[in-house]
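User: I would like a close look at a single part of this model, the site where the ligand sits. Please take the surroundings of the ligand step by step and connect them to the pocket.

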Amino acid sequence: MKIVVIGGTGLIGSKTVERLRQKGHDVIAASPNSGVNTITGEGLAEALEAAEIVLDLANSPSFEDKAVLEFFETSGRNLLAAEKIAGVKHHVALSVVGTERLQESGYFRGKLAQEKRIKASGIPYTIVHSTQFMEFLGGIAQSGTVGQTVRLSRP
Ligand SMILES: NC(=O)c1ccc[n+]([C@@H]2O[C@H](COP(=O)([O-])OP(=O)(O)OC[C@H]3O[C@@H](n4cnc5c(N)ncnc54)[C@H](OP(=O)(O)O)[C@@H]3O)[C@@H](O)[C@H]2O)c1
């Protein structure tokens, strides 16, 4: 089965591509580094040709509020439109647990916009809500650290 992994060179994308290939699937690791860009549309139609499933594991290069919203809006719009033309049968996206409950966060507003666009697309979909990956722990701790003080959120 041909599967296109958008963001297939990223943290979760590269692990996913490896596992799918081990299972014998024909997998394209699509990202700007491999000539596929969901923002500009570059290489998208070619990558999706004859693909049955698309996994969207792309992430915004910037986590600034406006940039992240624009990324997920534009990337989602271009990707889903290209999937319709290519006749993709199923769209899978990775989101985050609690997306709809933390709308003070610009990142989560971007993820919710991505989810809404997928649900309205008419393409059969699966949205997986994951907690943050272990690799992200250092960054989370760092963002709550000022000097020698580490602030943790209440459980
Ligand atoms: N990290 C977490 O803890 C976590 C938890 C839950 C859900 N998620 C979700 O999982 C997804 C992947 O996260 P990650 O941490 O694996 O991301 P990451 O390591 O930052 O990787 C991002 C990927 O997106 C690609 N990308 C960036 N701009 C693109 C564009 N214009 N067109 C196509 N691909 C583009 C990058 O390609 P290049 O390498 O070519 O730049 C890279 O392959 C995100 O949607 C995120 O919300 C992450």
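User: To start with one contact, how far is an oxygen atom of the ligand from a polar backbone atom of Asn 59?

Analyst: In this predicted model, the distance between a polar backbone atom of Asn 59 and an oxygen atom of the ligand is 3.1 Å. Two further backbone contacts can be set beside that one: a polar backbone atom of Asn 33 is 3.0 Å from an oxygen atom of the ligand, and a backbone N or O atom of Leu 11 lies 2.8 Å from an oxygen atom of the ligand. As for cover, the ligand taken alone exposes 920 Å², and the protein buries 85% of that area.

Turning to the shell, 27 residues surround the ligand, and the closest of these are Thr 9, Leu 11, Tyr 107, Lys 111 and Phe 133. Sorted by class, the shell holds 14 nonpolar residues, 12 polar residues and 1 charged residue. The ligand takes up the space of the largest pocket, and the elements that give two or more residues to the shell around it are helix H1 (11-22), strand E4 (90-96) and helix H4 (106-120). Of the elements, E4 gives the most to this shell, with 3 residues.

The pocket itself can be described in similar terms. The largest pocket has a volume of about 760 Å³, and its lining is made of 33 residues, with Ala 58, Asn 59, Phe 63, Tyr 107 and Phe 133 nearest its centre. The elements that give two or more residues to this lining are H1, E4 and H4, while by class the lining divides into 19 nonpolar, 12 polar and 2 charged residues. Asn 59 thus appears both in a backbone contact with the ligand and among the residues that lie nearest the centre of the largest pocket. Tyr 107 and Phe 133, also listed nearest that centre, are among the residues closest to the ligand.

For context outside the ligand site, the second largest pocket holds about 270 Å³ of space. Its lining consists of Leu 137, Ile 140, Ala 141, Ser 143, Gly 144, Val 150, Arg 151, Leu 152 and Ser 153, and the largest share of that lining, 4 residues, comes from helix H5 (residues 137-143). By class, the lining of the second largest pocket has 5 nonpolar, 3 polar and 1 charged residues.

How values were computed:
Residues are numbered from 1 along each chain as its sequence is written. This is a predicted model: local features need pLDDT of at least 70, side-chain atom pairs count only at pLDDT 80 or more; totals for chains, interfaces and linings use all residues. Side-chain values use heavy atoms; hydrogens and water are left out. A residue is near a molecule or strand if one of its heavy atoms lies within 4 Å of it. A polar contact is a pair of N or O atoms within 3.5 Å; within protein, one must be able to donate a hydrogen and the other to accept it, and residues adjacent in sequence count only if both atoms are side-chain atoms. Accessible areas come from the Shrake-Rupley method with a 1.4 Å probe; for residues, only the protein chains shown count as cover. On a 1 Å grid over the protein atoms alone, a cavity is a set of points where a 1.4 Å probe fits but cannot get out, and a pocket is an open set with protein on both sides within 12 Å along at least five of seven lines; lining residues have an atom within 4 Å of a point. A molecule sits in a cavity or pocket if more than half of its atoms lie within 2 Å of its grid points. Ala, Val, Leu, Ile, Met, Phe, Trp, Tyr, Cys and Pro count as nonpolar, Asp, Glu, Lys and Arg as charged, and the others, Gly among them, as polar. Grid points are joined across faces, edges and corners, and a volume is the space filled by probe spheres set on the points.
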